[in-house]
Amino acid sequence: MPSFQMSAALLVLFAMLLGGSNAQLSPTFYGSSCPNVTSIVRGVLERAVQSDVRAGAHIIRAHFHDCMVNGCDGSLLLDDDAANSIDSEKNEVPNQSIDYSVVDDIKTALENSCPGVVSCADILALASQIGVSLAGGPNWQVPLGRRDSRRANRAAVLGAIPSPFDSLAQQQSKFRDAGLDDSTDLVALSGAHTFGRARCGTFSNRIGTDPNLDPTFSNVLAQVCQGGNNALTNLDTSTPDDFDNNYYTNLQNNRGLLQTDQDLFSSAGASTVAIVNSFAGSQTEFFDAFVQSMIKMGNLSPLTGTNGEIRTVCGRIN
């Protein structure tokens with residue numbers, strides 16, 4: 001819709017100001033060095049989604065997990081490398097279930113067209129936007145120009161990335177520590193759980209015990225989890241593969257899958273409750289806030305200028 005695209009452009013500027021954006025990040029950063037970057041990323045991601053509808057959810061989760069640890073520097077993507085003292089962040093539990101293959105496919109396609117130009121950190125940011133839009137979510141201009149870290153920080157992962165077993169206070173603390181707002185940013189970015197899947201091991205403790213879990217839904221989940229802790233179910237059971245605001249109406253109906261999701265609505269007196277209600281009542285309001293929060297998150301401590309490098313392969317330093 002043209003009207004939304006126009007507002008999204010304004011939201012880019014607004015969110016960059018709110019997020020303390022590095023002036024070197026710009027949606028036109030690759031305008032001359034790799035002018036087809038967006039179409040290349042979109043082409044690879046479209047094919048990936050056809051093979052696995054979860055591809056977009058994997059990408060945005062990787063981007064979030066990357067940004068929460070030392071900023072948006074692609075450190076998450078580094079594999080173990082004893083020679084360079086790299087202990088991969090992928091080894092920690094929150095990162096073990098992410099499929100990184102689509103990132104590698106995107107990087108290969110970009111290296112074939114624009115060798116040594118587009119960073120892996122930018123791939124995560126741009127592919128997240130494209131994955132959201134392919135699922136019916138908002139479009140926005142992604143500030144680009146990040147460079148890739150030459151180190152990982154596995155030790156910081158568990159303390160920085162929200163766990164599905166965290167209390168609301170713990171979630172909010174982690175968002176504040178990262179430089180994000182513990183109310184609007186938390187609720188808006190949690191809305192990415194409108195698509196994707198979760199393993200039973202992340203929510204089975206709630207079945208039959210959590211008063212904030214709809215009993216009928218609890219029974220359905222009990223059936224799913226007879227398949228064991230690795231059995232998968234939809235994060236959003238109403239429109240599982242669409243990016244929309246039904247995630248929030250699910251919370252209002254006590255059908256949030258993860259405890260951390262449901263707590264956004266069921267924590268009496270919390271600042272998050274009114275935001276959930278607002279987003280449930282207006283998809284446009286959710287989309288606008290989500291765009292702002294995604295840009296703000298993407299601006300967390302990027303490496304720019306001559307810092308870091310542009311990796312040739314996302315899994316290893318040059």
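Me: Which helices and strands each supply at least two residues of the lining of the largest pocket?
Reply: Happy to help. A pocket is an open set of points on a 1 Å grid over the protein atoms alone, with protein on both sides within 12 Å along at least five of seven lines, and lining residues have an atom within 4 Å of a point. Helices (H or I, at least four residues) and strands (E, at least two) are DSSP runs numbered from the N terminus. Here the list is helix 3 (55–68), helix 4 (93–96), helix 8 (168–178), helix 9 (184–190), strand 1 (197–199), helix 12 (259–266) and helix 14. Helix 3 gives the largest share, 6 residues. Keep in mind that this is a predicted model, where local features need pLDDT of at least 70, side-chain atom pairs count only at pLDDT 80 or more, and totals for chains, interfaces and linings use all residues. Residues are numbered from 1 along each chain as its sequence is written, and side-chain values use heavy atoms, leaving out hydrogens and water.

Me: What is the volume of the largest pocket, and which residues lie nearest its centre?
Reply: A volume is the space filled by probe spheres set on the grid points, which are joined across faces, edges and corners. For the largest pocket this comes to about 1100 Å³. Its lining has 42 residues, with Arg61, His65, Pro94, His193 and Leu258 nearest the centre.

Me: Where does the largest pocket lie with respect to the domains?
Reply: Domain bounds come from an automatic or database domain assignment. The pocket lies between domain 1 (36–160) and domain 2 (180–297), because both give residues to its lining. The centres of the two domains, taken over C-alpha atoms, are 23 Å apart. Contact (heavy atoms within 4.5 Å) links 21 residues of domain 1 with 16 residues of domain 2.

Me: How many cavities of 30 Å³ or more are there?
Reply: Rolling a probe the size of a water molecule over the atoms shows where empty space is left. In a cavity, a 1.4 Å probe fits but cannot get out. The search finds 1 of 30 Å³ or more, and the largest cavity holds about 60 Å³. Its lining includes His63, Trp140, Arg146 and Met294. Helix 14 (residues 283–298) gives the most to that lining, with 3 residues.

Me: Which residues touch the most other members of the largest nonpolar core?
Reply: In soluble globular proteins, nonpolar side chains tend to be buried together. A nonpolar core is a set of buried (under 20% relative accessible area, 1.4 Å probe, protein chains only) Ala, Val, Leu, Ile, Met, Phe, Trp, Tyr and Cys residues joined through side-chain atoms within 4.5 Å. Among the 74 residues of the largest one, Leu110, Tyr248 and Phe290 touch the most other members. This core draws at least three residues from each of domain 1 and domain 2.

Note on methods. Buried means under 20% relative accessible area, exposed over 50%, partly exposed in between (1.4 Å probe, protein chains only).
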